[in-house]
Structures are given as C-alpha cells and as structure tokens.
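Me: Please take a close look at one part of this model, the set of residues hidden from the surface, and explain what surrounds them. I am new to the structure, so define each term as you go.

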Amino acid sequence: MRIRHAEKQDLEALNRIGEECYSPEERISAEEYEKRLNVYPEHFWILEEEGEIAAFINGPVINQPKIEDDMFHNTAWHDEKGTWQAILGVNTSPRCQNRGYASRIMERLIMDARQQGRKGCVITCKEALIPYYEKFGFQNWGVSASALAGQLWYDMGLTFEEEM
C-alpha cells in the first residue's frame, strides 16, 4: 500500500472510481477532476494497492470553516495559504471497500493538514457517515446549508487549535 499525490495519468481511474462511488446527481465530471488536479495537486491524495488506485481524497485549502456548494465546481476557492483543509470527496473503489483504505488516506490528509499549520479540516456528509468521521475527531456542527444533489448534508469539522 502506498499513499501519494495524484498525477494527470491518474485521471481515468479517478473518474471511474468517482462514477462508482456517487449517484449521477452527486458526481463531478472528468473535467472537474482535472481542474482540481491542476489547481491543488498537493491536496489530492491517492492510495494505491498493488499498483492500482484503490481510494482517493481531495479538496481545496479554504479560508472559512464551512464548505459551500460552489466549491465542488469552482477551484477559485483554493488558497494555498488558507486556514482550513476542505474535503470534497472520500472515495474508495467498491471492490476495495472494507479494508481500511479510506481511514488510512483520511489519517494522511489530517496529518498533512496539521503539519501545514492549518486550523483544521472540514467536510460535509450525510447523516449515516457522521459516526465514521467522528472516529477521526470531527465534530458535528449541524445541518449544512448545502443543497447538493437535493440531499440533507451535515457540516463537520476537526479543529487543531486546541492541540497547539
């Protein structure tokens, strides 16, 4: 198992896994993955198992502790000097699920964000995933203003400030 940053040659696999993980209303296009990779490659992590991409996680660095729907399609929100690591997608290929890959890649993102001096990490998720993110120290900040794909989302955050 190896965790690394995504590269352009990974785009086909990233898009395939995204299609496997999300409903048509929730998924982003191959072009949007490419935009993200062009704008914030150091915030796009991949977990490989035996040379194949098994999981990936990505998101911009932003200057507010909440994710807005526009961030899923507009890479202009990214500010490398920003204070919060946003997480726009945690994806594991269905054939590789239940092996702890998402947890390992999440731990890496958290470690990197902490080392980069961020205030913390933020994510929006569906209610069923709240306990999963709480395992990493995220707190439920309540119902999100997000209307993405007509779903009910929750804002969650992991704050590093108390640790300093």
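Reply: A residue is called buried if its relative accessible area is under 20%, exposed if over 50%, and partly exposed in between (1.4 Å probe, protein chains only). The model is predicted, so local features need pLDDT of at least 70 and side-chain atom pairs pLDDT 80 or more, while totals for chains, interfaces and linings use all residues. Residues are numbered from 1 along each chain as its sequence is written, and side-chain values use heavy atoms, without hydrogens or water.

A suitable starting point is the sheet. It is open and has four strands in the order β1-β2-β3-β6, with antiparallel pairing (helices of at least four residues, H or I, and strands of at least two, E, are DSSP runs numbered from the N terminus; strands pair if DSSP finds at least two bridges between them). Its edges are β1 (2-5) and β6 (89-92), each of which pairs on one side only. On average, neighbouring strands are turned by 20 degrees against each other, direction ignored (axes are lines fitted to C-alpha atoms, for helices over the stretch in contact, with angles from 0 to 180 degrees between N-to-C directions). Between β1 and β2 there are four bridges in the antiparallel sense; Arg-4 has Ile-46 of β2 as its bridge partner.

Helix α1 lies across β2, β3 and β6, and runs at about 75 degrees to β3. Within α1, the buried residues include Leu-11, Ala-13, Leu-14, Asn-15, Ile-17 and Gly-18. The buried residues of this helix pack against α2 as well as β2, β3 and β6 (contact means heavy atoms within 4.5 Å).

Helix α2 (residues 30-39) buries Glu-32, Tyr-33, Arg-36 and Leu-37. Seen down the axis of α2, these buried residues fall within an arc of 140 degrees, and therefore they line one face of the helix (the arc is that of the directions from the helix axis to the C-beta atoms). Their cover includes α1 (11-21), β2 (44-49) and β3 (52-58).

Thr-92, in strand β6, shows how one residue meets these surroundings. With 11% relative accessibility, Thr-92 counts as buried. Leaving aside neighbours within four places in sequence, Thr-92 is in contact with Ile-17, Cys-21, Ala-54, Ala-55, Gln-97 and Ala-102.

One of those contacts, Cys-21, is partly exposed, at 28% relative accessible area. Its sulfur is 10.0 Å from the closest cysteine sulfur, that of Cys-96, which is too far for a bond. Cys-125, by contrast, is buried at 2% relative accessibility, and its sulfur is 14 Å from the closest cysteine sulfur, in Cys-121, again too far for a bond. Across the whole structure the search finds zero disulfides (pairs of cysteine sulfur atoms within 2.5 Å).

Aromatic rings complete the account. The whole structure holds seven aromatic pairs (rings of Phe, Tyr and Trp, the last by its six-membered ring, with centres within 6.5 Å; planes under 30 degrees apart are stacked, over 60 edge-to-face, the rest tilted). Tyr-132 and Tyr-133 have ring centres 5.1 Å apart and planes at 80 degrees, so the pair is edge-to-face. Tyr-133 is buried, at 6% relative accessibility. The rings of Tyr-133 and Phe-138 also form an edge-to-face pair, because their centres are 6.0 Å apart and their planes stand at 65 degrees; both of these residues are buried. Together, Tyr-132, Tyr-133, Phe-136 and Phe-138 make up one aromatic cluster.
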